[in-house]
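Q: I would like to learn how to read a protein model step by step, beginning with the order of its elements and ending with a single side chain. Could we go through one together?

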Amino acid sequence: MALKDTLLRIFTWWNGQTVSLALYTARSGTYVGSDELGNKYYRAMGPLIDRSVGPERRWVVYNGYADASKVPPGWRGWLCHNVEVPPSEEAYTPRAWQKPHVENQTGSPDAYRPKGSQLSWGARPAATGDYVPWTPDA
């Protein structure tokens, strides 16, 4: 590993995993599975933190930039203790109408910009005149 990568792992939390998380994962983490984006999921038993969740801790090591929208819905449910069985241990076939998971595109060139938005391409449409502002005297 290059010096730059080592320094990034020590001083940043948003790019992969930190050194403390790598040590905790190596010491007490059990690998559960990975998703199509390359994120890896782990679990460990620890002291009871919350009675509704139990003593099991679950976490994800992101592949690259840490962004919660990179976690597919099935894994999100497992991380939040909504389901007990991780997606890697169940045979699930998506329905024909389900779209594949796409991470949040806000702030990127692929972000959704509807017609009329100041950030969309082209000219804004003319005002239609149907807007009436509220005034306290009316």
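Q: In what order do the elements of the protein run from the N terminus on?
A: A useful habit is to walk along the chain before looking at the fold. In this model, which is predicted, the elements run α-α-β-β-β-α from the N terminus on, and the secondary structure comes to three helices and three strands.

Q: How do the three strands form a sheet, and in what order?
A: The order in a sheet is read from the pairing of the strands. Here the three strands form an open sheet in the order E1-E2-E3, with antiparallel pairing. Strand E1 (30–34) and strand E3 (54–61) are the edge strands, each of them pairing on one side only, and the twist averages 40 degrees from one strand to the next.

Q: Over how many bridges do E1 and E2 pair, and over how many do E2 and E3 pair?
A: Each pair of strands can be taken in turn. E1 and E2 pair in the antiparallel sense over four bridges, with Thr-30 standing opposite Arg-43 in E2. Strand E2, which covers residues 40–50, pairs with E3 in the antiparallel sense over seven bridges, and Gly-54 in E3 is the bridge partner of Asp-50.

Q: How many residues lie between the strands in the hairpin of E1 and E2, and through how many does a hairpin join E2 to E3?
A: The hairpin of E1 and E2 has five residues between the strands, and in this hairpin Gly-38 takes a positive phi near 95 degrees. The hairpin that joins E2 to E3 does so through three residues.

Q: What is the phi of His-81?
A: The general idea is that most residues other than glycine have a negative phi. His-81, a residue other than glycine, has a positive phi near 65 degrees, and its place is in the segment after helix H3 (73–79).

Q: Which strands does helix H2 lie across?
A: For a helix against a sheet, one asks which strands are crossed and at what angle. Helix H2 (residues 19–28) lies across E1, E2 and E3, and runs at about 125 degrees to E3.

Q: Is Arg-58 buried or exposed?
A: Burial is judged from relative accessible area, and the cut-off needed here is that buried means under 20%. Arg-58, which lies in strand E3, counts as buried because its relative accessible area is 11%.

Q: With which residues is Arg-58 in contact, leaving aside its neighbours within four places in sequence?
A: The polar partners of a side chain are a good place to begin. A polar atom of the Arg-58 side chain lies 2.5 Å from the backbone oxygen of Trp-78, and the side chain also makes a polar contact with the side chain of Glu-84 at 3.2 Å. Leaving aside neighbours within four places in sequence, the residues in contact with Arg-58 are Tyr-42, Arg-43, Trp-78, Leu-79, His-81, Val-83 and Glu-84. Two names return from earlier turns: Arg-43, which has Thr-30 opposite, and His-81, with its positive phi.

Q: What radius of gyration does the protein have, and what would a compact globule of 138 residues have?
A: Overall dimensions are best read against a reference. The protein has a radius of gyration of 22 Å, whereas a compact globule of 138 residues would have one near 14 Å. The C-alpha atoms fill a box of roughly 65 × 40 × 40 Å along the principal axes, and 23% of the 138 residues count as buried. About 10,900 Å² is exposed by the protein, with carbon and sulfur atoms supplying 58% of it.

Key. Residues are numbered from 1 along each chain as its sequence is written. This is a predicted model: local features need pLDDT of at least 70, side-chain atom pairs count only at pLDDT 80 or more; totals for chains, interfaces and linings use all residues. Side-chain values use heavy atoms; hydrogens and water are left out. Two strands pair if DSSP finds at least two bridges between them. Axes are lines fitted to C-alpha atoms, for helices over the stretch in contact, and angles run from 0 to 180 degrees between N-to-C directions. Contact means heavy atoms within 4.5 Å. The radius of gyration is taken over C-alpha atoms; the globule rule is 2.2 Å times the number of residues to the power 0.38. Buried means under 20% relative accessible area, exposed over 50%, partly exposed in between (1.4 Å probe, protein chains only). Accessible areas come from the Shrake-Rupley method with a 1.4 Å probe; for residues, only the protein chains shown count as cover. A polar contact is a pair of N or O atoms within 3.5 Å; within protein, one must be able to donate a hydrogen and the other to accept it, and residues adjacent in sequence count only if both atoms are side-chain atoms.
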